[in-house]
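Got the viewer open and a selection box ready? Here is a short tour, one stop at a time.

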Amino acid sequence: MEENNTNHVANQPLNTADTAKTAPSAPAPETSTPQTTTQSSTDALKQKLQEVSKNHLVSFIISALTKPSSTFKEKLSGFSSFKKAWQLPLITTGLFTILSVVNTIIAKVYTPAHKSFFGKQVAASWNWKKLEKFDWFQTIFSQIIAYLVPVLVITAIYYIISLIFKKKSNYFRLLTIAAVSSIPAILTTYILMPLGAMISLNLGFILMFAGFAYSSTLIYEGLNQDIDYQNDQRIFANTIVIITIYALAIIIFTSFLKQSLGDSDFPTQILNNLMNN
């Protein structure tokens with residue numbers, strides 16, 4: 001009997017160890033909550049981007065910039081009236097205005113690091129007090145005019161010339177082509193060029209002119225494709241368009257200089273003076 005009790009007492013530490021081994025461990029702290037939150041935020045962002053991409057205008061813009069020829073051929077019919085076409089020029093006007101105003105503000109308040117006239121190194125600085133006298137209305141209005149007027153005028157010139165050649169073109173379709181085609185030039189001028197210039201000034205200019213080149217090609221090919229000039233008509237019509245644009249640019253430029261210099265005979269008088277001297 002005593003031997004059995006002794007054996008039982010001797011076995012108690014072993015049983016305690018076994019109990020410790022089989023006892024349920026404390027639950028580990030949850031470490032996946034931040035990861036789950038991040039994943040859910042990413043999924044929500046992807047879902048919103050997908051919803052935006054399904055928007056009629058956004059889908060058209062993306063398609064026009066990546067597959068311009070087929071997009072202009074297949075989807076322009078949805079922009080044949082003012083009711084259907086007014087939104088896209090408004091969007092591109094807003095995009096141009098916002099980006100140009102932001103760049104104007106940065107150029108006004110930010111001074112990059114440079115050397116003074118006497119060779120002293122001047123650190124980069126931000127001076128937000130310069131915005132106290134900033135004319136917001138004039139700046140915003142001038143940027144709207146700077147974008148919208150050339151787009152409307154160039155579209156009108158193409159439309160009028162197409163009527164002279166007896167083509168059944170649609171002004172709102174042509175305006176849609178001009179508006180969406182200007183987006184690469186806007187983005188490269190106000191976003192990619194400043195970023196590229198941080199690395200190299202040459203890179204900045206290359207990016208800007210790359211955007212202008214793509215926009216110019218899109219406008220030229222898109223307008224001519226929609227108007228459907230045949231054979232030599234394409235050459236003659238576009239020559240007339242370019243001459244008209246140059247003529248308007250010269251008239252506006254000389255008028256501006258006359259007003260600025262207050263000389264009604266400018267530039268004729270200056271040219272005569274140069275020839276006589």
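Keep in mind as you click around that this is a predicted model.

**Stop one: the largest pocket**

Start with its lining and colour it by residue class. You'll count 17 nonpolar and five polar residues, and no charged ones. To get to the middle of the space, you'll want the pocket itself, which has a volume of about 540 Å³. Select Ile154, Ser182, Phe212, Ser216 and Ile219: of the 22 lining residues, these are the closest to the centre of the largest pocket.

Now show the helices around that pocket. Helix 7 (136-164), helix 9 (183-199), helix 10 (201-227) and helix 11 (232-261) each supply at least two residues of the lining. Which helix gives the largest share of the lining of the largest pocket? Helix 7 does, with seven residues.

**Stop two: the second largest pocket**

Next, select Asn103, Ile106, Ala107, Tyr110, Pro112, Trp126, Tyr190, Ile191, Pro194, Leu195 and Met198, which line the second largest pocket. Two elements give two or more residues to this lining: helix 6 (87-109) and helix 9. Helix 9 brings the largest share here, five residues. The space in the second largest pocket comes to about 350 Å³. Colour this lining by class as well, and you get 10 nonpolar residues, one polar and no charged.

If helix 9 sounds familiar, that's because it also supplies at least two residues to the lining of the largest pocket.

**Stop three: helix 3 against helix 6**

Leave helix 6 on screen and add helix 3 (residues 56-66). Their axes come within 11 Å and cross at roughly 70°. That angle makes helix 3 roughly perpendicular to helix 6. Turn on side chains to see who touches whom: Leu57, Phe60 and Ile61 from helix 3 meet Gln87, Leu88 and Ile91 from helix 6. By class, this contact has five nonpolar residues, one polar and no charged.

**Stop four: a salt bridge**

For the last stop, switch to charged side chains. How many salt bridges does the structure hold? There are two. Zoom in on one of them, between Asp226 and Arg173, where the closest N and O atoms are 2.5 Å apart. Asp226 sits in helix 10 and Arg173 in helix 8 (residues 171-181), so this pair ties together parts that are 53 residues apart in sequence.

Methods
Residues numbered from 1 in each chain as written. Predicted model: local features only at pLDDT ≥ 70, side-chain atom pairs only at ≥ 80, totals over all residues. Heavy atoms only, no water. 1 Å grid on protein atoms, 1.4 Å probe; cavity = no way out; pocket = protein on both sides within 12 Å on 5 of 7 lines; lining within 4 Å. Points joined across faces, edges and corners; volume = space filled by probe spheres on them. Helix = DSSP H or I, 4+ residues; strand = E, 2+ residues; numbered from the N terminus. Nonpolar A, V, L, I, M, F, W, Y, C, P; charged D, E, K, R; others polar. Axes fitted to C-alpha atoms, helices over the stretch in contact; angles between N-to-C directions. Parallel < 35°, antiparallel > 145°, perpendicular 65-115°, else oblique. Contact = heavy atoms within 4.5 Å. Salt bridge = Lys/Arg side-chain N within 4 Å of Asp/Glu carboxyl O.
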